[in-house]
Every structure is written in structure tokens, then in C-alpha cells.
Amino acid sequence: MRHHVVILGGSYAGIAVMRQLSKYPEIQVTLIDQHPYHYLQTEGYELISSNTSFEETIVSLPALCANYENVTFKHRTVVSIDVANNVILLDDGDLSYDTLVIALGSVTKRFECDTNVYNYSLGAKSLRGALKLNQFFQHQLYKRLESDKKAKESFNIIVGGAGLSGVEIAAGMQYFFNRYYRSNALSCATLHIHLIVSRESVLNGMHPSIIKSTTNRLKALRVILHTNSRIASIHAHETVLTNGTKINFDFMIFAGGTMIAPCLKETKLSKTAKGQFEVDDYLRSVDDKNIYIVGDAAALKSKKGTPLPPTAQTAIQSGKLAAINILATLKNKKLKPSNLKLKGIAIALGGRYAVIDLKFIRIHGYLAYLIKKLIERCYKWPLWYSAIKGYKNIDSCDI
Ligand SMILES: Cc1cc2nc3c(=O)[nH]c(=O)nc-3n(C[C@H](O)[C@H](O)[C@H](O)COP(=O)(O)OP(=O)(O)OC[C@H]3O[C@@H](n4cnc5c(N)ncnc54)[C@H](O)[C@@H]3O)c2cc1C
């Protein structure tokens with residue numbers, strides 16, 4: 001019997017584990033995801049702001065997995081994990097494992113002050129949410145094109161949260177809107193994107209020059225920044241900020257934080273105050289050496305012990321390391337301690353403009369945009385290539 005590794009979650013972290021283990025035929029790998037695709041969240045801003053179509057932001061998981069002899073993909077939803085009995089409860093039954101990898105990522109955070117955020121806003125962490133936002137945006141533009149009266153009405157979008165995803169979405173939408181109206185010779189004075197910034201500036205904690213370039217770009221695009229304010233309450237088409245400002249809105253995007261997948265809430269493994277799973281130096285649960293936790297679901301730290309923000313790059317690094325340590329355990333070799341690093345950050349800010357912080361150099365503008373695109377393609381293209389090869393194993397159509 002081959003050693004059975006079950007990976008829960010087929011996104012950045014889970015795919016990194018799967019690809020690494022696929023080189024070892026003595027291991028049987030099962031990858032489980034609730035969707036038959038890997039949604040490239042890091043390109044979600046392009047989809048929301050109508051700069052790309054949805055098929056450009058996904059990788060087929062059945063096709064990708066079919067490229068590897070020892071990997072099986074299951075399109076299932078994880079209901080819960082029984083760690084005491086090494087069993088996962090899926091929507092259609094149980095599945096047992098020898099080693100488990102939890103790579104179920106995160107979802108848009110529940111909003112402490114007002115549960116209405118779920119009724120009146122959409123999150124950007126899922127393909128469904130991003131598509132809905134995009135369709136709503138397009139529909140509003142279309143209505144304004146059809147009716148002179150409607151075209152004069154102001155159109156307000158609120159983006160709650162000015163971290164990486166919030167600024168990318170706000171800049172991308174505003175850029176698209178400005179360009180759309182300019183190229184159709186229409187007035188662009190009616191769209192107002194309100195970016196709610198809980199701190200003094202956007203991108204809290206990042207390098208001052210990155211904050212400055214981003215703020216300048218957002219202002220040049222005419223995004224309205226509400227600094228030092230939080231959302232106090234939300235009602236149908238109106239939100240009230242903590243500083244008393246009332247904003248009427250047509251739709252709202254909430255990008256103010258994340259939390260672990262709901263199915264993991266009751267999992268009996270230690271979690272931090274933020275709700276992420278605590279892992280040891282080798283990325284195993286501190287309570288169960290047979291369970292690795294990677295990506296956004298884990299409280300990942302740098303070598304110095306500093307908490308790392310949830311990013312795709314640390315998700316990929318952690319996935320690769322978990323796979324290395326699974327193999328080392330099976331071969332009775334020494335495990336490799338974690339040395340996760342945030343190597344840099346690239347932020348797209350509408351059109352052919354981005355800012356990049358590579359620690360030793362910080363750049364903004366067109367060159368930064370080209371580097372951002374290169375990073376995205378270096379990730380996506382090998383996956384697409386493998387999926388195309390895999391597809392030939394499951395379907396006779398020529399693609
Ligand atoms: C708009 C936006 C822009 C971003 N830009 C960047 C960027 O430029 N650079 C960067 O490094 N990071 C960026 N991030 C952050 C990055 O996308 C996340 O850190 C990354 O997706 C985490 O990867 P993950 O594999 O841990 O989990 P996720 O990507 O969250 O994936 C979790 C997977 O688990 C599956 N899953 C969840 N629950 C279940 C269940 N019950 N049953 C079955 N399957 C389930 C999901 O379908 C999903 O495939 C951005 C995020 C957003 C939202």
C-alpha cells in the first residue's frame with residue numbers, strides 16, 4: 001500500500017505540495033477542493049475591474065492533476081476533520097489519510113461591528129464574488145450608457161479596507177471607469193470610489209515610499225480616501241463611518257481582512273488568537289505531527305519568529321517545505337526547518353502602473369507593471385502547460 005497524503009485545498013499552497021509530491025510514485029496523493037479550478041486571487045483585481053476574462057484567472061484542477069500518475073483530484077467540499085481518527089468528513093462520505101495537509105486558505109473576514117456587511121457587500125476572495133462584482137460594475141456602466149438621466153446620476157462604490165487587495169481593486173476599477181468614459185466621449189465625473197482606510201494611510205506597515213507612490217496614484221485616478229475611519233454600520237445603500245460620515249453606495253466590496261475557512265472552526269488543533277493554526281518549525285500542527293498546515297490557514301512566521309502576512313508567495317513556499325518534510329519523514333531523514341520570507345511585494349494600480357518593493361529597490365510606474373505581469377505569468381504559465389498536458393489524459397479533444 002502506498003503512503004496516502006491527502007491535501008485539502010487546491011490553491012497556491014495545496015498545489016505547491018501536490019506538484020512536489022507528484023515526483024514520488026511511492027506516494028499516493030489525493031487533492032480535494034470545493035471548486036474544480038484554482039482561482040488566481042492575485043489576478044482578481046484584473047477580473048473585478050474588467051481588464052481580463054474569468055478563464056484567464058483560473059487553472060483547471062482535474063486537468064492539472066491528470067498530468068501526474070500518482071495524483072487524484074476530488075471535487076468535494078470538506079465538512080470537518082476528525083483528527084483523532086485520521087478521517088476527513090466530505091459532503092459525500094469519509095476519507096482516511098496517512099498524512100494530512102491542510103491548505104484551505106482563508107475567506108473574507110466577518111465584520112465585528114455589523115453583520116450587515118454580509119448582506120450588502122461582496123468579498124474578493126472567490127471567483128464567484130469577483131465575477132459578481134464585475135457583472136454589477138458592467139451593468140451599472142451599461143445602464144448609464146442607455147439613459148441620459150441615469151448617466152448624470154452619481155455612482156458610488158465603497159471599498160472597505162486599504163490593504164493590498166483593497167487598493168488594487170479601487171485603483172483598477174477607477175482606472176477602467178475613467179478610460180471607458182474617455183474612450184466613449186462620456187463624462188466621467190459621476191463615479192466615486194470611496195476607499196475606507198482604517199489607519200492614517202493606505203498599506204499600513206509598508207515602506208513609506210510605497211505608501212507615497214500608491215497614495216499619489218490613487219489620488220491622480222480620483223479615488224476618494226477616507227483615512228482614520230472605519231465602517232461603523234451598513235444599511236441598504238448607506239454606510240456610516242466611525243467619524244460620522246455617511247456615504248450612499250451602489251455597491252460595496254469588503255477587503256478588510258480574512259479568517260480561516262468555516263469548516264475548520266471546530267477542528268481540534270491549536271490556533272492563535274487570530275484563528276490561524278499554530279505550526280512548529282517544520283509546518284506540522286503543534287498537536288499532531290501527521291498534519292501539516294500551509295498557506296493562509298497557518299500562522300506562518302519568518303526565521304526570526306515575526307508573523308508573516310497571508311500572501312500567495314508564502315503559501316507557495318510553505319507548501320513546498322511541507323512536501324519536503326513529508327518526504328523526509330517517510331525516508332527517516334532530518335526535517336528541514338522553516339525559513340519563510342516575504343521576498344517583496346508587487347501592487348497593481350490600474351492600467352500599466354504598479355509599485356514594487358523588492359526590499360533592496362523600490363520602483364513604480366510602467367517598469368513595475370511589467371515586473372508584476374512577469375511574476376504573474378511565471379506562476380500561471382507552467383500550471384496551464386501542465387493542465388493542457390493533463391487534459392489530454394482525460395479527454396480526447398484536441399486543445
Ligand atoms: C484581490 C487579492 C489580491 C491579492 N494579491 C496578492 C499578491 O499580489 N501577492 C500575494 O502574494 N498575495 C496576494 N493576495 C493574497 C493571496 O491570494 C492569498 O494569500 C493566497 O490565495 C493564499 O493561498 P492558500 O493556498 O493558502 O489559500 P486560498 O487561496 O485561500 O485557497 C484555499 C482553497 O481551499 C478551498 N477550500 C476552502 N474551503 C473548502 C472546503 N470546505 N472544502 C473544499 N475546499 C475548500 C478553496 O476553494 C481554495 O481553492 C491577494 C489576495 C486577494 C484577495
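**Exercise 1.** In this predicted model, determine in which sense strands S2 and S5 (residues 71-75) pair, and over how many bridges.

*Solution.* Step 1: Inspect the bridges between the two strands; S2 and S5 pair in the parallel sense, and the pairing extends over five bridges. Step 2: Take Asp 33 as an example; its bridge partner in S5 is His 75.

**Exercise 2.** Identify the sense of the pairing between strand S1 (residues 3-8) and S2, and state the handedness of the crossover from S1 to S2.

*Solution.* Step 1: Six bridges join S1 and S2, again with parallel pairing. Step 2: Within this neighbourhood, Ile 7 lies opposite Leu 31 of S2. Step 3: Follow the chain from S1 through H1 to S2; this β-α-β crossover is right-handed.

**Exercise 3.** Establish how many of the seven residues of S2 are buried.

*Solution.* Count, for each residue, the other C-beta atoms within 10 Å of its own, and take 20 or more as buried. Six residues of S2 meet this criterion, and the strand is mostly covered.

**Exercise 4.** Describe the shell of residues around the ligand by size, origin and class.

*Solution.* Step 1: The ligand is surrounded by 35 residues, the closest being Gly 9, Ser 11, Gly 105, Gly 295 and Thr 311. Step 2: Two or more shell residues come from each of helix H1 (12-21), strand S2 (27-33), helix H2 (44-48), helix H7 (164-183) and helix H9 (312-330). Step 3: Domain 1 (3-34 + 76-108 + 259-342) and domain 2 (117-256) each supply at least three residues. Step 4: Sorted by class, the shell comprises 15 nonpolar, 16 polar and four charged residues.

Notes: Residues are numbered from 1 along each chain as its sequence is written. This is a predicted model: local features need pLDDT of at least 70, side-chain atom pairs count only at pLDDT 80 or more; totals for chains, interfaces and linings use all residues. A residue is near a molecule or strand if its C-beta atom, placed from the backbone, lies within 6 Å of it. Helices (H or I, at least four residues) and strands (E, at least two) are DSSP runs, numbered from the N terminus. Ala, Val, Leu, Ile, Met, Phe, Trp, Tyr, Cys and Pro count as nonpolar, Asp, Glu, Lys and Arg as charged, and the others, Gly among them, as polar. Domain bounds come from an automatic or database domain assignment. A residue is buried if 20 or more other C-beta atoms lie within 10 Å of its own, exposed if 12 or fewer, and partly exposed in between; C-beta atoms are placed from the backbone. Two strands pair if DSSP finds at least two bridges between them. A crossover is right-handed if, with the strands pointing away from the viewer, the path from the first strand over the helix to the second runs clockwise.
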